[in-house]
Amino acid sequence: MPVITEIEDLKRIYRRRVPKMFYDYCESGSWTEQTFRENSSDFDLIRLRQRVAVNMDGRTTASQMIGQDVSMPVALAPVGMTGMQHADGEILAAQAAEAFGVPFTLSTMSICSIEDVAAATTKPFWFQLYVMRDQEFLEGIIQRAKDAKCSALVLTLDLQVLGQRHKDLKNGLSAPPKPTLKNMLNLSTKWGWGMEMLRTDKREFRNIVGHAKGVGDVSSLMDWTAQQFDPRLDWDKVAQIKEMWGGKLILKGILDAEDARRAADLGCDAIIVSNHGGRQLDGALSSIRVLPEILEAVGDRMEVHLDSGIRSGQDVLKAIAMGARGVYIGRAFIYGLGAMGREGVTKALEVIHKELDVSMALCGYRDVKDLDRKCLLIGPEFARYQQMA
Ligand code: FNR
């Protein structure tokens, strides 16, 4: 096994192990992928201020997100089809997150169901909701998340219609993969993945199959999204869902100060500044670039979290120092999962933790909760984009 020192190492192994269709599903952005690329490259525009001769002993990355203790302020983002990246993927990632002391968020579009993950973990996880047209299904899945004792609902607002990823269409993405010649040829080179898949009975969208009535082929994520996701989702509906849920609510996919104010008016517990990892509106700004103005608008009214583009502990440090209370990783943990299962997710978390801890020390901080903008150096290229009059 090669020595793993960074997230990129996990990505290389992941690419070799997992069928091309699922690698492409993860490693794509919408259309030209500009936003996908800038989510990461914009972090490079922020530099860190080195400080020396500061006592570095007794450091801590422990913090809180929405009042819950976390060993570092990094949660696992909801990722659809995680159980296709590795057999039982959601269960393994949830177990790794639990052992590490960080939150795991289960996607509505997961392979393992809410009940599967609840049965395999001992602490509450978070549940991410996509709003469907079918009210009965919606009420049912919220109730199931309550029954499973999920400790937060993460309501995603930026995917009522689907941004196009060219490769998913060309690959005919589905769960499980269809037995076409092209797929069979590719799968024949991924026997490690295949053997594990044969050992599990979890190979379809188990939050949906058997729970939603009168739906046709659920195997195609894209078709199902187009048919079932409710394009009428608006702030009134968000308020209704808040009422139905009654617990901690995090709104995901906010990228604009005006929307952030609406979210704060609604009284949610946190927002996630996110462009869905560059998978929805191509041409949207990176999350880290809009973070300052969103903090300015609502930072004193609720917790502001961020995702999209985080690949290292240094990225985490930059977002937290800027003022985010927590961040989420999507692809970074999927690389680990696809490469090495549960152990790989732990590895991804360890890599990021170490980078965060050491970089924090070299900036002259001992406690992640003390990080502030004084350690950030920002040049003119990070300037604000102006809204056109
Ligand atoms: C996602 N994301 C996502 N978000 C969500 O709310 N529900 C979902 O089912 C999914 N599915 C999904 C699949 C894949 C393959 C990816 C890569 C992402 C978005 C995810 O929660 C998060 O916003 C991004 O992944 C963050 O960007 P990075 O960390 O991947 O750059």
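In this predicted model, helix α11 spans residues 221-228. Five of its residues are named as buried: Leu221, Met222, Trp224, Thr225 and Gln228. These residues lie on the same side of α11, because they cover an arc of only 165 degrees around the axis. The buried residues of α11 have packing partners in two other helices. One is α2, residues 20-26. The other is α8, residues 166-171.

The nonpolar interior was examined next. The largest nonpolar core holds 120 residues. Within this core, Leu129, Leu251 and Ile271 have the most contacts. Helix α16, which runs from residue 331 to 362, gives the most to the core. Its share is 14 residues. A second core is separate and has 12 residues. Among them are Ile66, Ala77, Ala270 and Ile272.

Ile271 belongs to the largest core. Its contacts can be listed once residues up to four places away in sequence are set aside. They include Ile250, Leu251 and Ile254. Ala260 and Ala263 also touch Ile271. So do Ile294, Val298 and Met302. Glu303, Val304 and His305 are further partners of Ile271. Leu251 thus appears twice: Ile271 touches Leu251, and both residues are listed with the most contacts inside the core.

Lys146 offers another setting. This residue sits in helix α7, residues 135-147. Is Lys146 buried, partly exposed or exposed? Its relative accessibility is 32%, so Lys146 counts as partly exposed; buried would require a value under 20%, and exposed one over 50%. Lys146 is in contact with Met244 and Trp245, leaving aside neighbours within four places in sequence. Gly246 lies 100 residues from Lys146 along the chain. Even so, the C-alpha atoms of Lys146 and Gly246 are separated by 9.4 Å.

The ligand was considered last. There are 22 residues around the ligand. Those that come nearest are Pro78, Ser107, Thr156, Asp307 and Gly309. Polar atoms of the protein also approach the ligand. A polar backbone atom of Pro78 is 2.7 Å from a ligand oxygen. A polar backbone atom of Arg331 is 2.9 Å from an oxygen atom of the ligand. Lys252 takes part through its side chain, where an N or O atom is 3.0 Å from a ligand nitrogen. How much of the ligand's accessible area does the protein cover? On its own, the ligand has 600 Å² of accessible area, and the protein covers 99% of it.

Notes: Residues are numbered from 1 along each chain as its sequence is written. This is a predicted model: local features need pLDDT of at least 70, side-chain atom pairs count only at pLDDT 80 or more; totals for chains, interfaces and linings use all residues. Side-chain values use heavy atoms; hydrogens and water are left out. Helices (H or I, at least four residues) and strands (E, at least two) are DSSP runs, numbered from the N terminus. Buried means under 20% relative accessible area, exposed over 50%, partly exposed in between (1.4 Å probe, protein chains only). Contact means heavy atoms within 4.5 Å. A nonpolar core is a set of buried Ala, Val, Leu, Ile, Met, Phe, Trp, Tyr and Cys residues joined through side-chain atoms within 4.5 Å. A residue is near a molecule or strand if one of its heavy atoms lies within 4 Å of it. A polar contact is a pair of N or O atoms within 3.5 Å; within protein, one must be able to donate a hydrogen and the other to accept it, and residues adjacent in sequence count only if both atoms are side-chain atoms. Accessible areas come from the Shrake-Rupley method with a 1.4 Å probe; for residues, only the protein chains shown count as cover. The arc is that of the directions from the helix axis to the C-beta atoms.
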